[in-house]
Structure formats: C-alpha cells, structure tokens
Amino acid sequence: MTPSYQETLAALSDLQCRPLSIIRLSEPISNPFNPNPTHARTSDISASGLSDDSTNPTSASLAADLSHYRDLFSKLRFSYLEQVTKEKFLRAIVGDPPLIIENAENVELESQLKEVKVVLKEQKEHVARMVQELERKGRALAGRYEQVALQTELLGHLPGEIQGLESRIRKLREDNKGNMDGMGGGLGLDKVLELTRDKERQREEVERESKALQREMPVKGRELERLADELKGLEREKEKAVEGAREAVKSRESGGAVGDGLEMRGRWLKGCDEGLRGLLGVGA
C-alpha cells in the first residue's frame, strides 16, 4: 500500500527531529553495557571547554578530540613499552638462573619485529583508506541529509499552495463558465476536435485568399495609376470644354449662334467624366 502524503511528511518530520551525529550512532556499538549513554566523556577536551554542548559535537570539536586522543595513545604506548621493558629486565636479573639472551636470539627477534612492522604498516594503510572512504561517505551523506531537509521543508508548504491553486481554479471556472460554454467548454473531445479542424480549414482558406490578393496588388496598382492618368487628361479636357461652354453661353446670350459644336462636345465629355467617376468610385 502506497503511503499517503500526510504519512510521508510525518515520517520525514520525525527523522528531522533526530539530529544526525556519528557519536550518537556509534554509542550502541561502543557502549553496549553503559546504562547512561548520554553521560559526557571526561577525557573529551571538547566537553571541557571547546564546545558548550558535548551532546552536539561540531567538526572542530571532533578534530580537537581526535588530536587529543592521538596524544593520549602515544603517551600510553610509550609508558606501556617502558613498563614492559623494565619488567622483563628485572625478571631476567633476579631470575634463578638469570635469563641470558644470546645475539642470535636478538637477530631472530629483530626479524620477527620487521615482519610485525610490515603487517602493522599494511593495517595502518588499510585503516587510512577506510577513514578516507568514511569521510567521503560522510560528506555525501551530509549533502543528502541537507537536501532531504530542504525538500521536506518545501513539501510542508505544498498543501497550502495546492489548496490556493485549487480555489483559484474553481473561481476562474465559475467566472468563465459562460465564456467556456460559448466556446464549446461543455462539448465532448470529438466535437471540440472537429470544431478545431473547421477553424483550421477556415484559417487556411483566408490565408490563400490573402496571398492571392497580395499577388494581384501590383497589377491593380498599375491599373489604378493608368486610370488616374486618364482621369487627369479627362479633367484637363473637361476644363477646356467648360471654358468653351461658358464662351458659347456668352455668345448665345449676346445673340450669336457660335458654339453649338462646342456645346455638344462639352456634353459628351461630361458624360464620359461621370461614367469614369462612377466606375472608379471617385467623387466629383
């Protein structure tokens, strides 16, 4: 069964409440019979002044503890060798009979010591490699721990954001209900796809007509320029005809019969002008 969102968040929050500490993780192994595992170590210099809280050691306090323990073990090793050497020497002197060590025995012991030193060096190198691997895994684990902590914090904010988005979606649907109905919001998917294809075909048809009109535009432009030139010529002839008609009217009023031909020509030009203006849609 897949855990729910609340269960996952609760589990992550519970893990976040437990600080990640190597010292605390090692307590069940290093102190299995200690009735009070949270008791501070008296030999820790971090607990004696470098750190105010020995239950939450920092990297600096751990490094100081490591240096302190190395110093202590070095002194303890020297004291142990000194005491063991003194004890063996005294037993050899006071023994009955006294223990006499020959040179051959010393050579044999030195050869054994060399072998032991080689084994010890290999073990030290193995331990050094293990320490480096543990440091690498510790850094990787710390990075993953921080990433999980950040993702847990973001996960805690998600429910409120999701509820806000859902309420906003409901409000937008209610506000645009009429528009969605008009646009086919209540139709099925097949009907919506069909309407979309119809709109696409109409758009393609409009694009074809637009391209055809764009191709015809240069021809229409040249034709319009030609008609404009013809119209200008007719305008000049009209002006001449009007001027001649005015002179004919003046002559007729004065009793003369000159200008009948000009009057007929003027009527013809006027009719041509009105016809061209009607075709071109140009006002008088």
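**Exercise 1. Work out how exposed Arg136 is, and find its salt-bridge partner.**

Start with the surface of Arg136 in this predicted model. Its relative accessible area is 48%. The label "exposed" needs over 50%, and "buried" needs under 20%, so Arg136 ends up as partly exposed.

Next, look for a carboxylate. Arg136 pairs with Glu133 in a salt bridge, and their closest N and O atoms sit 2.3 Å apart. The cut-off is 4 Å, so this pair qualifies.

Now check the partner. Glu133 has 32% relative accessibility, which makes Glu133 partly exposed too.

Last, ask why these two can meet. Arg136 and Glu133 are three residues apart in helix α5 (residues 103–175), so about one helical turn separates them.

**Exercise 2. Helix α7 has salt bridges of its own. Take Arg201 and Glu230, and find the partner and spacing for each.**

Step one: Arg201. Its partner is Asp198, with 2.0 Å between the closest N and O atoms. Both belong to helix α7 (residues 189–253), and the three-residue spacing is about one turn of the helix. On accessibility, Arg201 comes in at 48%, partly exposed, and Asp198 at 25%, also partly exposed.

Step two: Glu230. Here the partner is Arg226, and the closest N and O atoms are 2.9 Å apart. The spacing is four residues along α7, again about one helical turn. Glu230 is partly exposed at 37%, and Arg226 is partly exposed at 42%.

Step three: look for something beyond a simple pair. Glu200, Arg203 and Glu207 are joined in a network of salt bridges.

Step four: put this in context. How many salt bridges does a search of the whole structure find? The count is nine.

**Exercise 3. Follow helix α7 along its length: where does it bend, and which of its residues are buried?**

Begin with the bend. α7 turns by about 35° at Met217. Then scan a little further on: a proline, Pro218, follows within four residues.

Now pick out the residues under the 20% cut-off for burial. In α7 these are Leu227, Leu231, Gly233, Leu234, Ala241, Gly244 and Ala248.

**Exercise 4. Find the nonpolar surface patch that includes Ile93, and say how exposed Ile93 is.**

First, place the residue: Ile93 is part of helix α4 (residues 59–94).

Second, gather its companions. Phe89, Leu90, Ile93 and Val94 together make a nonpolar surface patch of about 430 Å².

Third, check the accessibility. Ile93 has a value of 46%, so it counts as partly exposed. Patch residues need over 30%, and Ile93 clears that bar.

**Exercise 5. Step back and describe the chain as a whole.**

Secondary structure goes first. What does the chain contain in the way of helices and strands? There are eight helices and zero strands, giving the pattern α-α-α-α-α-α-α-α along the sequence.

Then burial: 8% of the 284 residues count as buried.

Then surface: the accessible area of the chain is about 24,400 Å², and carbon and sulfur atoms account for 59% of that.

Finally, contacts. Take those in the chain with a separation of 6 or more: 60% of them involve residues 24 or more positions apart.

Definitions and conventions
Residues numbered from 1 in each chain as written. Predicted model: local features only at pLDDT ≥ 70, side-chain atom pairs only at ≥ 80, totals over all residues. Heavy atoms only, no water. Salt bridge = Lys/Arg side-chain N within 4 Å of Asp/Glu carboxyl O. Helix = DSSP H or I, 4+ residues; strand = E, 2+ residues; numbered from the N terminus. Buried < 20%, exposed > 50% of the residue type's maximum accessible area, 1.4 Å probe, protein only. Contact = heavy atoms within 4.5 Å. Areas by Shrake-Rupley, 256 points an atom, 1.4 Å probe, with all protein chains shown as cover. Bend = angle between axes of the 7 residues up to and from the residue. Patch = residues over 30% accessible without salt bridge, like charges linked within 9 Å, V, L, I, M, F, W, Y side chains within 5 Å.
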